[in-house]
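Student: I am new to this structure and would like a close look at one part of it, beginning with a single hairpin. Please go through that part slowly, and then say how other parts are put together.

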Amino acid sequence: MNQTLEGHSGSVQVVTWNEQYHKLTTSDQNGLIIVWIIYKGAWYEEMINNRNKSVVRSMSWNADGQKICIVYEDGAVIVGSVDGNRIWGKDLKGTHLCHVAWSSDSKVLLFGMANGEIHIYDSNGNFIVKMKLSCLVNLTGTFRIAGIHWYHGTEGYVEPDCPCLAICYENGRCQIMRDENDHNPVLIDTGMNVVCIQWNHCGSVLALAGSLKGTSPDKDVNVVQFYTPFGEHLRTLKVPGKQISALSWEGGGLKIALAVDSYIYFANIRPDYKWGYCSNTVVYAYTRPDRPEYCVIFWDTKNNEKYVKYVKSLISITTYGDFCVLATKADEDQPQYVLVLCNSIGTPLDPKYIDIGPLFVTMTRTHVIAASKEAFYIWQYRVAKKLTAMEINQVARTRKEGRERIYHIDDTPSGSGDGHLDYSKAVEGTRDPICAITASDKILLVGRESGTIHRYSLPNVGIIQKYTLNCRAHQLSLNCNSSRVAIIDLSGVLTFFDLDARVTSSTGQQVIGEQLKLERRDVWDMKWAKDNPDLFAVMEKTRMYVFRNLDPEEPIQTSGYICNFEDLEIKSVLLDEILKNPERPNKDYIINFEIRSLRDSRALIEEVGIEESSQFIEDNPHPRLWRLLAEAALQKLDLQTAEQAFVRCKDYQGIKFVKRLGNLQSESMKQAEVAAYFGRFEEAERMYLDMDRRDLAIGLRMKLGDWFRVLQLLKTGSGDSDDALLEQAHNAIGDYFADRQKWLNAVQYYVQGRNQERLAECYYMLEDYQGLENLANSLPENNKLLPDIAHMFVRVGMCEQAVSAFLKCNRPKDAVDTCVHLNQWNKAVELAKNHNMKEIGSLLARYATHLLEKNKILDAIELYRKANYFFEAAKLMFKIADEEAKKRTKPLRVKKLYVLSALLMEQCHEQMQNAQRGKVKGSETASALAGLLEEDVLSSTNRFADNAWRGAEAYHFFILAQRQLYKGSVDAALKTALHLRDYEDIIPAVEIYSLLAVCACANRAFDTCSKAFVKLESLETLSQEQRQQYEDLALEIFARHCPKNNKKTDLDDVLESGDGKLPVCVATGDPILEYRFWMCSVCKHCMKAKERSNYNFCPLCHCSA
């Protein structure tokens, strides 16, 4: 667009741009302000404002483009919105304003005064404080402000807490602050008269335009100085003309516009990007506004895949071969640095912490060298694989001496491995600091600011030579055989130095090293060829020159950064384009250039044929040219020439291919093979199919791994061998999807390919456990896949399916272990029983312990019962019954528990007798005896084993007596209660004798009642108070009734006769005197025959009668 904006009547003095809303605001000498907008490709006036009182000195939009602050010379300040509304206005009386700037958060305004003071105000125009101006210390008088520019962080910061507010005075003094209250700003004395300052788009470079002091007026004195936010000087740009008046950066920071006299000059800026190139991967770093770290992208240009890594305080990126070194600051508080060795996808392989700042870093095949201004550090990061025996010995020797060494630049190492990791010397100062380094496998060159270059040997670091240059090196680069070094100085002048040439100096002495005649200006990048010491490429302005023996070829128009130069081809990357949208790099930004000899050879082959061109290549030999000839000969099926050319370029694969072609009879077959060799696979496949050689077409696609096409080809024909191929193709496509984690797609193909192993894996990844179960069910027994499937089920806690799979592959022990692992103990015990496993006892014990720990005693009993471990179950049951009895819970509940215990004991006895019957096949007597002996052993160890029913009997009679008493059968109640005297070990004596006393008293058997009271009063378990209560009650009863029993029964006679114990009826509590009575088959307790008809079950054990 080229349009003159007409509207001002006086000279335009202030111009400002609103990036967010694309509006231009201008003001002239009369104070008229115009806001311009672009509409349908042309600029129009949107708003006009004129205060008619004073002239506008400065205008500034805030970071989001919503507000503009306008300052007038007479002290008036107006803040307006983007749509033209006035937000506030203020008159700062008695001040002459000349500059204004917003903070990045729009909360602070800086006003620059005509006397050089800077006042800080809040966003509503309230004064806060005067700014401390450290850059004017030791100066008297007033100084005019040349510019205030506050970078708003829209593209992120170079590093966290980075200085971003630049204030510069016309006398060249400048300070760069982190914020408006920074008491420790970066101070610069530019030594020039400054007119204008401006940050670039990302706050990484500050440009100051003006003129050099003290020079005569007729010379070119205009310069632009470039600084980092930390005050480091980058470059000086000399500008022709008399008076420079303004500068402005282009939006992407790649150009700068300069107003000089009545001209506008444009200068290209070549940013010193943090980038590198290793094994087809471009590594580049950029800052993002949403993160404090650098975002480093490893972009694999071959597969167009990128890997992102965030790195704090990144200093530089250095690459070589397949590796990359990121130099970073370790911690903001400590002066320690890290060299992180990464591979080409950004995986950190080895970090090294060092105590010197790695201002300069270079890499070779085996070493990383980092240098500060005073010292250099050498780290042998790997042993090269393809080294000769001699070199290996050298490397091995240096390894023993230590893989890390450090040297001060003023040291003179002898190469005997004297550089230990001693940082104390490394921090000593030097009068002649390091300014550049480079290295090859054999030598290390270190450039110093005086122009001296030190040459050291590698891998044993010993100083060999010192050379003197007539410039200060900014960048050094060695050719592939370390015979020449290219030097680019700070002003972009490229010179060359021959390291090995012996020349006679002006004093007549012989010296080593010679400055070569070639000199090029405005150079910003250069690269030596990897395979030819005389070939190199140079970037000058926007052109690339290729030099052979210091003679240039015609230039190529490009602004790319050179990645690689080998095989007569230059690979270049358009970093400027990539960094416009760094998250989506495009393959179009990688450009390959062929150098002239390659282009000429190709043209020659096409025009005059193979014979003549082979002569030309003979005269200009290079492996790449021979390969070109070989390929051309192959295309024409000139196998003899092709073979000779492959031999010349040492391509063994090519030679083998030509031999194989020679053995083929058919011409068309040869052409198809050649097409495949050159990667024209579609053409080759078509030729094979035309020859009716579908098998070869399929073979070709299989080699390429294009299984989708293989499948298509297989489906077009039919043949017996195709079934196996079909399965292979289906499985390969399944693998393709599985590798990309598209499990659902993979399943379809694995099913068709009958690949049960991968199918199981897919089901597992899809969490399709039903599919996995179906697969397990469909597999034959003892299939090798079953254990894997079982383990998959175990991992997700599916016990039943896992057990089923383990059993199917005949691994019952694993099945039991699974049940144990998943706490399915019942199942575990059941399996162990079914498979007659020896360790069932220990297994049960483990599980029972597990249950008892969780206080699940009844579950433990049930476990033992199910496993036929009746004795253990009974033991636990008795324990529960005893505990419940102590708690004095309902007697019926306690009776039931004792009955259960006794029933378990009965089962235990029965089990033993059965076992003995099995063992002793002799007489019944022997069998019974053995059983009894075993029971005797049990009874001696446990009291309950002897008479398992005692507890049940005690509580049975205890409950029966009370029932009879409440029913009014006092006589029966007394008889029953009398039996309880035998059970003092089970029921507390106080309860037994209390019940007996009540029954006797009710039955008017006062002598029995008296005996009960005597017993109660003598109990030691009673407190004094309780004993007193019993005595008082006894006194009250026996004062009225004499303790004498009048009734005498048959029972007493029998009892007194002492003929031994009589069986007791469990229904009534009476002794059984009759000869005919009923006996329970389970508990062996008796009941009177006449009572039998009243019961369908045993009153004690409740078993069916």
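Tutor: Strands E14 and E15 form a hairpin, with 3 residues between them. In the turn, Gly172 has a positive phi of about 95 degrees. Keep in mind that this is a predicted model.

The hairpin can be followed strand by strand. E14 covers residues 165-169, and its pairing with E15 is antiparallel, over 4 bridges. One position to look for is Ala166, whose bridge partner in E15 is Ile176.

E15 also pairs with strand E16, residues 186-189. This second pairing is again in the antiparallel sense and has 4 bridges. Here Gln175 can serve as a marker, as its bridge partner in E16 is Leu187. E15 therefore has E14 as one pairing partner and E16 as another. Strands of a sheet pair through backbone hydrogen bonds, and the pairing is either parallel or antiparallel.

Burial is the next point for this strand. E15 runs over residues 173-177, and 4 of its 5 residues are buried, so the rest of the structure largely encloses the strand. Buried here means under 20% relative accessible area.

Further along the chain there is an open sheet of 3 strands in the order E21-E22-E23, with antiparallel pairing. The edges are taken by E21 (244-249) and E23 (263-268); each has a single partner strand, so each has one side without a neighbour in the sheet. From one strand to the next, the twist averages 20 degrees. E21 runs antiparallel to E22 (residues 255-260), and 5 bridges join the two. Within that pair, Trp249 has Ile256 of E22 as its bridge partner.

An open sheet of 4 strands follows the order E36-E37-E38-E39, and its pairing is antiparallel. At its edges stand E36 (434-439) and E39 (463-468), each with a single partner strand, so one side of each lacks a neighbour in the sheet. On average, neighbouring strands of this sheet are turned by 20 degrees against each other, direction ignored. E38, residues 452-457, is joined to E39 by 5 bridges, and the two run antiparallel. Tyr456 stands opposite Ile463 in E39.

Now to the helices. In helix H7, residues 639-648, the buried residues are Leu639, Thr641, Ala642, Ala645 and Phe646. They cover an arc of only 160 degrees around the axis, which puts them on the same side of H7. An α-helix has 3.6 residues a turn, so residues three or four places apart point the same way. The buried residues of H7 pack against helices H5 (610-619), H6 (623-635), H8 (652-662) and H9 (667-677). Just after H7, Lys650 takes a positive phi of about 55 degrees.

H9 leads on to helix H10, residues 681-690: the axes of these two helices come within 7 Å and cross at roughly 155 degrees. Angles over 145 degrees count as roughly antiparallel, and H9 and H10 are therefore roughly antiparallel to each other. The crossing of H9 past H10 is left-handed. On the H9 side, the residues making the contact include Ser668, Met669, Gln671 and Ala672. On the H10 side, they include Phe681, Glu683, Met687 and Tyr688.

Conventions:
Residues numbered from 1 in each chain as written. Predicted model: local features only at pLDDT ≥ 70, side-chain atom pairs only at ≥ 80, totals over all residues. Heavy atoms only, no water. Buried < 20%, exposed > 50% of the residue type's maximum accessible area, 1.4 Å probe, protein only. Pairing = 2+ DSSP bridges. Axes fitted to C-alpha atoms, helices over the stretch in contact; angles between N-to-C directions. Arc of directions from axis to C-beta. Contact = heavy atoms within 4.5 Å. Parallel < 35°, antiparallel > 145°, perpendicular 65-115°, else oblique. Left-handed = near helix turned anticlockwise from the far one by under 90°.
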